[in-house]
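Subject: Structure handover

Dear colleague,

I am passing this structure on to you. Please look through it before reading the notes underneath.

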Amino acid sequence: MTDTKAMKQDAAPSAAEDRPESSSTAGMVRFLRTYAQNFLNSRLMDERRSLPPAMISEFAEAGLLGLQVPREFGGQDLSHSDMNRLFTQLGAIDANLAVFCAVHNTLGIAPILLSATDEVKACVLPRLAAGQALTTSAISEPGIGSHVRGMTTSATRHPDGSYTIKGVKKWISLGGDARYVNIFAGLRDERGRNLGITGFLVDSRTPGFAIGPEMLTLGLRAVPQYDLTFNNLRVSPSALLGAEGNGLATAKAAFMGGRAVLAAMTMGAAMRSLELAQRFTKGREVATGSLAENGRIREVLAETAAAIQAVQTLISRIATWRDAGQDVPDAWYFCAKILGCELGWKAIDTSLQVLGARGFLDTNTVGQHFRDYRLFRIFEGSTEAITVYLGTTLVRHPDQFTKLVHQTHPTAPMLTLIDQVAEIGADRPDDVAAQHIHAAVVGELVCWTLLTMVTSEVATRSAMHQYTASWTEHQLQRRLRSAQLGSRGSLPTQAEFDQHVAGYAQVIGDVDQRRWPAEEWRSDPLLR
């Protein structure tokens, strides 16, 4: 990576945390708090694996289903800063409500806003904002995960301009409930020539659109994940989202914005969990006295609060740049997703630990947060996958790292740390497996570098901001020292590791549950 000591410092500190929310946002926040206090039963929703029947119409009436839809189509036309504010509030209340709104607004509506024709927007967006229909995107497949370029769902263009879509999608949030689905597929023309991944806005009532079973997930039970199958699904030319072959750009724009929203939601849950843990410590007496006055517990809670504030600062900075029309490099979104979801879930886990036996009760809010927000470390690219991707990208293109730090005002001590990160990035090993490990280390270091830069710029705002900046820099320094020490030794070969795990069978035996009684849900053949 390139030397950064002589960088020009041409960015201004963010003021996003000081920006007042709009009146419409304030109204929606009040609605959500009232709804949570008087009408919501999260435990019942979790047990029934369904949202309350009246919720969709109430959320639509409050404006929550058209957050960034233009007002001419019945939406709220919110800024990114205001939308983050709402998703933090939603995340604190219930992950199911937050994900429901996020999927509809970011993964569903965003591609339509970006790439649909004006005629389609005028037809579809008012229905979506009014809660008359839901929307989502279908990208993931059984065998590709986050490897989008490995997509097998195909689309064929016909001479009349229509398209036929074939394939299977998996893990589609709201897939069985959405009326409009953004389907991404590899397109070929009538001669079989590859035209690239292309997006289509499809009405789920179209013949050939089949909804598969609901996945029985560990958490987020009220927002089910579905399989979708497309059997010769024929759509008109107006279904096209943007230009042929431009589907990846459309999907990427939606998913990048969605990653920042995931971080905002997780911060809401982390705040709520820490709030409950702090309440508990004030009323809990232990051998050393009040748990709230125990030095180790104070340190644990302060570090948790610092992590939350650091991520808040990061996502506020991203939103401020977006609202100003400034281009935001992908690395900032990846950083928000990686550290937002990792640190947020760790905050929930820490809060559960502080609560002791009460934390292990599934009725005390934090337990459900623990189950629900665990998925966020996997959602829209697992931490490991996107950390390696980020690190690989910046190792191959070190100039991009320089551009990233150009967007802030790094101090002289910070520049020294940045140069150390650059040196580690430049020291790429030859072995392929070692390159993956190296990329993961670099990706993580880059994330902590960006987080340290944004927190250092606002360190003078309060005592807590100062603590957060110091804590974040310490985390970066600790990871730098670990990276400079090098690897822990050679990995076992794949064959050696397979042999090792195969030996477990001698200890635990074969315990697959192959035969057990289950519910009979199929119709009697004589009644069909």
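The notes below cover a pocket and then a surface patch.

Please keep in mind that this is a predicted model.

Pocket

The second largest pocket encloses about 860 Å³ of space. Its lining is made by 22 residues, and I437, V441, G486, S487 and R488 are the ones closest to the centre of the pocket. Two elements, α14 (432–457) and α15 (463–485), each give two or more residues to this lining. The largest share comes from α14, which supplies 7 residues. Sorted by class, the lining of the second largest pocket consists of 9 nonpolar, 7 polar and 6 charged residues.

Surface patch

F497, V501, Y504, V507 and I508 make a nonpolar patch on the surface, with an area of about 500 Å². At least two residues of the nonpolar patch come from α16 (494–502), and at least two from α17 (504–508). Of these helices, α17 gives the most, with 3 residues.

One residue of the patch can be described further. I508 is part of helix α17. Is I508 buried or exposed? The relative accessible area of I508 is 56%, so this residue counts as exposed, the cut-off for that class being over 50%.

That is what I have on the pocket and the patch.

Regards

Notes. Residues numbered from 1 in each chain as written. Predicted model: local features only at pLDDT ≥ 70, side-chain atom pairs only at ≥ 80, totals over all residues. Heavy atoms only, no water. 1 Å grid on protein atoms, 1.4 Å probe; cavity = no way out; pocket = protein on both sides within 12 Å on 5 of 7 lines; lining within 4 Å. Points joined across faces, edges and corners; volume = space filled by probe spheres on them. Helix = DSSP H or I, 4+ residues; strand = E, 2+ residues; numbered from the N terminus. Nonpolar A, V, L, I, M, F, W, Y, C, P; charged D, E, K, R; others polar. Patch = residues over 30% accessible without salt bridge, like charges linked within 9 Å, V, L, I, M, F, W, Y side chains within 5 Å. Areas by Shrake-Rupley, 256 points an atom, 1.4 Å probe, with all protein chains shown as cover. Salt bridge = Lys/Arg side-chain N within 4 Å of Asp/Glu carboxyl O. Buried < 20%, exposed > 50% of the residue type's maximum accessible area, 1.4 Å probe, protein only.
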